Amino acid sequence: LAKRPTRYDSLCFEGGHAQLHESSWAVAQFSRSSAEKFTMPTYKLSYFEGRGLGELSRYLFALAGVEYEDKRYSREEWAKIKEGHPSPFGVLPILEVDGKVYCQSFAIAQYLARTFGLTGKTNEEEYKVIVIQGAFTDFGLKFFAPMQEQDPEKKNIVTFAAVLQQIRSSVERDYTAALQKDVSENFLPAWLRSLEELFKQGKGKFFVGDSLTLGDLFFLHAAEYIKAASPQALDQFPELSGLFDRIVANPKIAEWRAKRPVTEF
């Protein structure tokens, strides 16, 4: 018995060439539905005017080449709208993906890095990225340790920008406070030495192999603050110095650093 023809068996022979018209139609329909299904979500990142805890996410968007709304608030603006803002804990940054709110800076960075394929290719590589994140947390707690205010009204209210300004000022005027001395002479060299050893274990151009990941962006973020306080800080660590140069030479990273708003912090 002859097979009953179907719409996908409809062949047209022209000049000895077979053309499967219905199959082409099916492929076109599938492609259109797939495009509709995988439409890129809309992103909105809200943070303050400086780099701070929002810059990791901005670097991730830049590296992935993904468009987003970079919403920046002044401290005064945030104080006025904070109460009615969708931030779950009343703090920034937050990320909105098609209107859904995500919070906490490192969680946002991990979410974006996973979405953009920047957390490593294996469990071992992802583990290493998380180790670097932990090292960055240690760095932040020590490097930006609050310096107590003398005014009792403000004793426990120290902004991120104010802390960095106090650290920089202490260096500029040869301030010998115990905290600054401990950070510059003890903590920072030991931290950089450990980070360099971790980098050398990978035997690649970056922390995990030969491609940039979130781990490298954590290092870049820390290194920018370190070099701002002490431009020669990485000179004793040639592997890290070379890593910094390779990261900032990435065209997408370089483009973002060149065009981002100029802020002190």
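Helices and strands here are DSSP runs, numbered from the N terminus, with at least four residues for a helix and at least two for a strand. Counted that way, the chain holds 10 helices and six strands. Keep in mind as you rotate it that this is a predicted model.

Let's start with the whole chain. It has 265 residues, and 38% of them count as buried. The accessible surface adds up to about 15700 Å², with carbon and sulfur atoms making up 53% of it. If you look at contacts with a separation of 6 or more, 63% of them link residues that sit 24 or more positions apart.

Now find the sheet. It is an open one with four strands in the order 4-3-5-6, and the pairing is mixed. Strand 4 and strand 6 (100-103) form the edges, each pairing on one side only. Going from one strand to the next, the twist averages 20°. As general background, strands of a sheet pair through backbone hydrogen bonds, either parallel or antiparallel. In this sheet, strand 3 and strand 4 run parallel to each other, held to that description by five bridges. To pick out a matched pair by eye, go to serine 46, whose bridge partner in strand 4 is lysine 71.

Helix 2 packs on this sheet, where it touches strand 3, strand 4 and strand 5, and its direction makes about 145° with that of strand 3. How much of helix 2 is buried? Nine of its 10 residues (55-64) are, so the helix is largely enclosed by the rest of the structure. The buried set takes in polar names as well as nonpolar ones: Glu55, Ser57 and Arg58 are among them, and so are Leu56, Tyr59, Leu60, Phe61, Ala62 and Leu63. What does the covering? Strand 3 (43-48), strand 4 (69-73) and strand 5 (94-97) contribute, and so do helix 4 (105-115), helix 8 (214-229) and helix 10 (251-259). Just past the end of helix 2, glycine 65 has a positive phi of about 70°.

Leu60 of helix 2 also leads us into the interior. In soluble globular proteins, nonpolar side chains tend to be buried together. Here the largest nonpolar core has 56 residues, and Leu60, Phe139, Trp191, Phe219 and Leu240 are the ones with the most contacts inside it. Helix 8 supplies the largest share of this core, with 10 residues. There is also a second, separate core of six residues, including Tyr47, Tyr73, Leu92 and Ile94. Back in the big one, phenylalanine 139 is a good residue to click on: leaving out residues up to four places away in sequence, it touches Phe144, Phe187, Leu188, Trp191, Ala222 and Ile226.

The loops next to the sheet are worth a look too. Serine 74 sits in the loop between strand 4 and helix 3 (75-81). Is serine 74 buried or exposed? Its relative accessible area is 11%, so it counts as buried, given that the cut-off for buried is under 20%. Beyond residues up to four places away in sequence, serine 74 touches Phe48 and Glu49.

Histidine 85 lies in the loop between helix 3 and strand 5, and it is buried as well, at 12% relative accessibility. Its side chain makes a polar contact of 3.5 Å with that of tyrosine 73. Setting aside neighbours within four places in sequence, histidine 85 is in contact with Tyr73, Trp78, Leu92 and Ile94. Proline 93 is in the loop between helix 3 and strand 5 too, and the peptide bond joining leucine 92 to proline 93 is cis, with omega at about 10°.

Finally, some exposed spots. Aspartate 98, in the loop between strand 5 and strand 6, has a phi near 50°, a positive value in a residue other than glycine. Its relative accessible area is 54%, so aspartate 98 is exposed. Lysine 100, in strand 6, is exposed at 52% relative accessibility. The C-alpha atoms of lysine 100 and tyrosine 43 are separated by 9.5 Å, although these residues are 57 apart along the chain. Over in the loop between helix 7 (178-202) and helix 8 you'll find lysine 203. Lysine 203 is not a glycine, yet has a positive phi of about 55°, and with a relative accessible area of 79% it is exposed.

Technical notes: Residues are numbered from 1 along each chain as its sequence is written. This is a predicted model: local features need pLDDT of at least 70, side-chain atom pairs count only at pLDDT 80 or more; totals for chains, interfaces and linings use all residues. Side-chain values use heavy atoms; hydrogens and water are left out. Buried means under 20% relative accessible area, exposed over 50%, partly exposed in between (1.4 Å probe, protein chains only). Contact means heavy atoms within 4.5 Å. Accessible areas come from the Shrake-Rupley method with a 1.4 Å probe; for residues, only the protein chains shown count as cover. A nonpolar core is a set of buried Ala, Val, Leu, Ile, Met, Phe, Trp, Tyr and Cys residues joined through side-chain atoms within 4.5 Å. A polar contact is a pair of N or O atoms within 3.5 Å; within protein, one must be able to donate a hydrogen and the other to accept it, and residues adjacent in sequence count only if both atoms are side-chain atoms. Two strands pair if DSSP finds at least two bridges between them. Axes are lines fitted to C-alpha atoms, for helices over the stretch in contact, and angles run from 0 to 180 degrees between N-to-C directions.
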